[in-house]
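Please walk me through this structure in the viewer, one selection at a time. I would like to know what to pick next and what is found there.

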Amino acid sequence: MSRTAEDIRNEIKHLAVEYYELVRPDRRRAGYIPVSGKSLGAEELCAMMDASLDMWLTAGRFNVEFEKAFAAKLGVKYALSTNSGSSANLLALTALTSPKLGERRLKKGDEVIAVAAGFPTTVNPILQNGLVPVFVDLELRTCNIDISKIEEAVTPRTRAVFLAHTLGNMYDMDAMMELCSRHSLWMIEDSCDALGATWKGRYAGTMGHIGTFSFYPAHHMTMGEGGAVITNDTSLYRVIMSLRDWGRDCWCQPGTDNTCRKRFSLQLGRLPFGYDHKYTYSHIGYNLKITDWQAAVGVEQLRKLDGFLEKRRRNAAVLSEELADLSDVLMLPEHSEHCEPSWFGFLISVRPEAPFNKQELVEYLESHGVGTRQLFAGNLLRQPMMTDTDVELRIGSGPLMHSWDLGEEQYALLPHTDFIMEHTFWVGTAQNVDENDERETSRVIHEFVRSRRA
């Protein structure tokens, strides 16, 4: 009896499972507690095989399924996948410059509230769009923006707020949205490090006008490379889709035509009446789509997300408990009672009065098999990307200035940002580590502290 194509497809997937169980390609490096990392299984491998056998290659049925499932998970109307969290940030901020937004569009020279302690791709889109970042200091308790300092930084040119939730710990969304509403500011929640975090039960990324996410292997779930943009605003959704898909005005899904029912009956720009809507471009856009292989992995990872989040929270709780007795030399992360973090990592700050510094502790941990990371760029204003280029910016309520002119007087306006750069690092809480790993991390830290107290 001849086999059907479906029989062969199922056999291939069965062999993929057998291969995975034999090889376990996602094994951890022996003797090292990673700071982050993916957790994949045979399900993701089978999904990739399924997508490969479709031979669709670009975003297809798996992407449609993923975007719908991701939007449903977060309780929003729209989710758009993209090739990275950095691209998600670029799309989110660039969308706010669209002529389709009328008087609310951001124009060159407009100001965007930002922080200097974090990953550069939250700030880069501000500069790439000819806008002016206005840097506000952080609070040390949460390592999130000090919302009380935003008010004094707002001017008539301030048009938006673009901030990341630090390592899955959310800033005060009630205060933030009240401030944005009062000043008519756009709000972009960079939730690349905060998927699954909640504020009074609402997910990170869903309370601002736009939310962004990353699915890089270090994050809460992965596609390898990948990201997403979410919104409840239909106009913003279509602008973001346009920018992601070459800048085209058409919003048809791949492989479909005439969704608008006006494919040959529109007159846009100075094109002739009836010019094919599929080849009409309303934005200077990009091609930032994902492949269906990535989407297939995302579908399976999304099904596992709640388990990943539970493990991250449990790991962070173990570290909090284990390190509580070192409060005289270490500062541990805190969060609002209204926030349930989705810990991307566990921040630790070495107190200035400790008999050791951050560098010494970090080097000891790394040499004893415990991975560490900085809070990304530390202070972006001290990075070559700022000091070696001519960028317009403001710090707090200060005047407009050029990055080449930054000096210690200006850095002093962000004391907590510099503190974090000098004193703060983080260790892993990801789903590829467990409670025993966290206790071992604690043991190594205690061992080091005892050696310096002696």
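The tour below goes through the sheets, then a helix pair, then two loop residues. The model is predicted, and residues are numbered from 1 along each chain as its sequence is written.

**Stop 1: the nine-stranded sheet**

Start by colouring the strands of the open sheet that runs in the order β1-β9-β8-β5-β4-β2-β3-β14-β15. Nine strands take part, and their pairing is mixed. Go to the two ends of that order: β1 (78-82) and β15 (401-402) are the edge strands. Each has a single partner strand, so one side of each is left without a neighbour in the sheet.

Next, select residues 186-190 and 210-214, which are strands β5 and β8. These two run parallel and are joined by three bridges. To find the register, show I188, which stands opposite I210 in β8.

**Stop 2: helices on that sheet**

Keep the sheet in view and add residues 61-74, helix α3. Helix α3 lies across β1, β8 and β9 (227-231), and runs at about 130° to β1. Then add residues 85-95, helix α4, which also packs on the sheet. The strands touched by α4 are β1, β4 (158-164), β5, β8 and β9. Turn the view until α4 and β8 can be compared: their directions make an angle of about 165°.

**Stop 3: the three-stranded sheet**

Now hide the helices and select the strands of another open sheet, in the order β7-β6-β11. The pairing in this sheet of three strands is antiparallel. Its edges are β7 (202-203) and β11 (339-340). Since each of these has a single partner strand, one side of each is left without a neighbour in the sheet.

Zoom in on residues 198-199, strand β6, which two bridges join to β11 in an antiparallel arrangement. Show T198 here, and then E340, its bridge partner in β11.

**Stop 4: β12 and its partners**

Select residues 345-350 for strand β12 and 424-428 for strand β16. Five bridges join the two strands, which run antiparallel. Two facing pairs help in reading the register: F346 stands opposite V427 in β16, and I348 stands opposite F425 in β16.

How many of the residues of β12 are buried? Six of its six are, and the strand is mostly covered. Display the side chains to see the alternation. G345, L347 and S349 point one way from β12, while F346, I348 and V350 point the other way; all are buried. Strand β16 is likewise mostly covered, with five of its five residues buried.

Two further strands can be added to this view. Residues 330-331 form β10, which is joined to β12 by two bridges and runs antiparallel to it. In this pairing, L330 stands opposite V350 of β12. Residues 373-374 form β13, which two bridges join to β16, again antiparallel. Here R373 has W426 of β16 as its bridge partner.

**Stop 5: the α2 and α9 pair**

Clear the strands and select residues 42-54 and 292-323, helices α2 and α9. Their axes come within 8 Å and cross at roughly 150°. Angles over 145 degrees count as roughly antiparallel, and the crossing therefore makes α2 roughly antiparallel to α9. The crossing is right-handed.

To see the contact, show these side chains:

- from α2: E43, E44, A47, M48, A51 and S52
- from α9: D292, W293, A296, V297, E300, Q301 and K304

Colour this contact by residue class, and six residues come out nonpolar, two polar and five charged.

**Stop 6: two residues with positive phi**

Finish with two loop residues. Select M55, which lies in the loop between α2 and α3. M55 has a positive phi of about 55°, although it is not a glycine. Is M55 buried or exposed? Its relative accessibility is 64%, so M55 counts as exposed.

Then move to W246, in the loop between α8 (234-244) and α9. W246 is not a glycine either, and has a positive phi of about 70°. At 44% relative accessibility, W246 counts as partly exposed.

Note on methods. This is a predicted model: local features need pLDDT of at least 70, side-chain atom pairs count only at pLDDT 80 or more; totals for chains, interfaces and linings use all residues. Side-chain values use heavy atoms; hydrogens and water are left out. Buried means under 20% relative accessible area, exposed over 50%, partly exposed in between (1.4 Å probe, protein chains only). Helices (H or I, at least four residues) and strands (E, at least two) are DSSP runs, numbered from the N terminus. Two strands pair if DSSP finds at least two bridges between them. Axes are lines fitted to C-alpha atoms, for helices over the stretch in contact, and angles run from 0 to 180 degrees between N-to-C directions. Angles under 35 degrees count as roughly parallel, over 145 as roughly antiparallel, 65 to 115 as roughly perpendicular and the rest as oblique. A crossing is left-handed if the near helix is turned anticlockwise from the far one by less than a right angle, and right-handed if clockwise. Contact means heavy atoms within 4.5 Å. Ala, Val, Leu, Ile, Met, Phe, Trp, Tyr, Cys and Pro count as nonpolar, Asp, Glu, Lys and Arg as charged, and the others, Gly among them, as polar.
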